[in-house]
Amino acid sequence: MNIEQKNNLAQRVAQDIPEGAYVNLGIGLPTLVADYFAEKEVILQSENGVLGQWTQAEKGEENWDLINAGKEAIALKKGGAFFHHADSFGMMRGGHLDYCILGAFQISANGDLANWHTGQANAIPAVGGAMDLASGAKNVFVMMEHLTKQGHSKILEKCTYPLTGLACVNRVYTEIATFEFIDGKVFVIDIVAPHLPEYVQKITDITLDFSRMK
């Protein structure tokens with residue numbers, strides 16, 4: 001996925017976050033979403049203990065005491081707050097977040113999430129706060145590339161990697177399409193041009209429902 005695709009994906013996710021929502025942004029692709037709330041009042045939360053509104057810091061203007069969960073410098077707007085990460089996890093576990101936006105290795109047709117370990121012997125596990133978010137946030141959105149580097153679908157009938165959460169994912173956004181997960185069914189909401197429904201189905205390892213396409 002190139003830079004333009006990543007930014008377009010972040011902008012697409014931001015469109016689905018309503019005014020006044022409290023949102024946790026995971027590391028990687030989700031951190032880009034912070035730059036697309038200029039016309040909405042959305043309160044961001046980071047597991048390292050930041051709450052408020054921010055964008056990525058401009059190059060040369062970084063203050064490395066102000067970072068997100070991915071250790072990227074942020075420009076925090078007036079009214080932001082800082083606190084111990086234990087309090088941050090209390091917010092995450094206590095059901096106080098309307099949305100969390102995470103990356104993933106795999107998603108099952110049932111909405112199971114696998115995003116902390118590939119199961120490989122030489123892989124470094126990185127669970128962070130993902131399990132807390134998957135169970136504590138009211139809505140779980142996932143941003144990821146549609147295919148692995150080997151060309152395999154990341155949306156599967158059943159995850160083969162260790163799970164982060166069970167039946168917790170509501171939506172998945174890829175550079176190919178947007179998917180909604182409801183009661184074991186996966187609906188395609190929209191498709192990124194110039195791709196066609198036939199192509200989306202071909203590269204996805206589960207049966208998709210296109211009846212809700214916009």
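This is a short walk through one chain, from its overall build to a few backbone details.

Keep in mind that this is a predicted model.

Start with the whole chain. We have 4 helices and 14 strands. The radius of gyration is 17 Å, close to the 17 Å that the globule rule gives for 214 residues, so the chain is as compact as a globular protein of that length. Put a box around the C-alpha atoms, along the principal axes, and you get roughly 45 × 35 × 30 Å.

Next, inside versus outside. Of the 214 residues, 46% count as buried. The accessible surface comes to about 11100 Å². Carbon and sulfur atoms hold 51% of that surface.

How do the contacts run along the sequence? Take the contacts between residues at least 6 apart in sequence: 58% of them join residues at least 24 apart.

Charges, quickly. The chain has 17 positive and 25 negative charges. Their mean positions lie 3 Å apart.

Now the sheet. It is open, with 9 strands and mixed pairing. Read the order with me: E6-E3-E2-E1-E7-E10-E12-E13-E14. Which strands sit at the edges? Strand E6, residues 81–82, and strand E14, residues 185–191. Each of these two pairs on one side only.

Stay at the E14 edge. Its partner is strand E13, residues 177–182. The two run antiparallel, over 6 bridges. One bridge to find on screen: isoleucine 182 has lysine 185, in E14, as its bridge partner.

Between E13 and E14 there is a loop, and aspartate 183 is in it. Look at the backbone there. Aspartate 183 has a positive phi, about 50°, yet it is not a glycine. Is aspartate 183 buried or exposed? The cut-off for exposed is over 50% relative accessible area. Aspartate 183 has 77% relative accessibility, so it counts as exposed.

There is another positive phi to look at. Alanine 167 has one of about 45°, and again the residue is not a glycine. Where is alanine 167? In the loop between strand E11, residues 155–156, and strand E12, residues 171–173.

Last stop, past E14. Proline 194 is in the loop that runs between E14 and helix H4, residues 197–202. Check the peptide bond from alanine 193 to proline 194: it is cis, with omega near 10°.

To recap the places to look: the E14 edge of the sheet, the loop with aspartate 183, the positive phi at alanine 167, and the cis bond into proline 194.

Key:
Residues are numbered from 1 along each chain as its sequence is written. This is a predicted model: local features need pLDDT of at least 70, side-chain atom pairs count only at pLDDT 80 or more; totals for chains, interfaces and linings use all residues. Side-chain values use heavy atoms; hydrogens and water are left out. The radius of gyration is taken over C-alpha atoms; the globule rule is 2.2 Å times the number of residues to the power 0.38. Buried means under 20% relative accessible area, exposed over 50%, partly exposed in between (1.4 Å probe, protein chains only). Contact means heavy atoms within 4.5 Å. Accessible areas come from the Shrake-Rupley method with a 1.4 Å probe; for residues, only the protein chains shown count as cover. Lys and Arg count as positive and Asp and Glu as negative; His and the chain ends are not counted. The place of a charge is taken as NZ of Lys, CZ of Arg, CG of Asp or CD of Glu. Two strands pair if DSSP finds at least two bridges between them.
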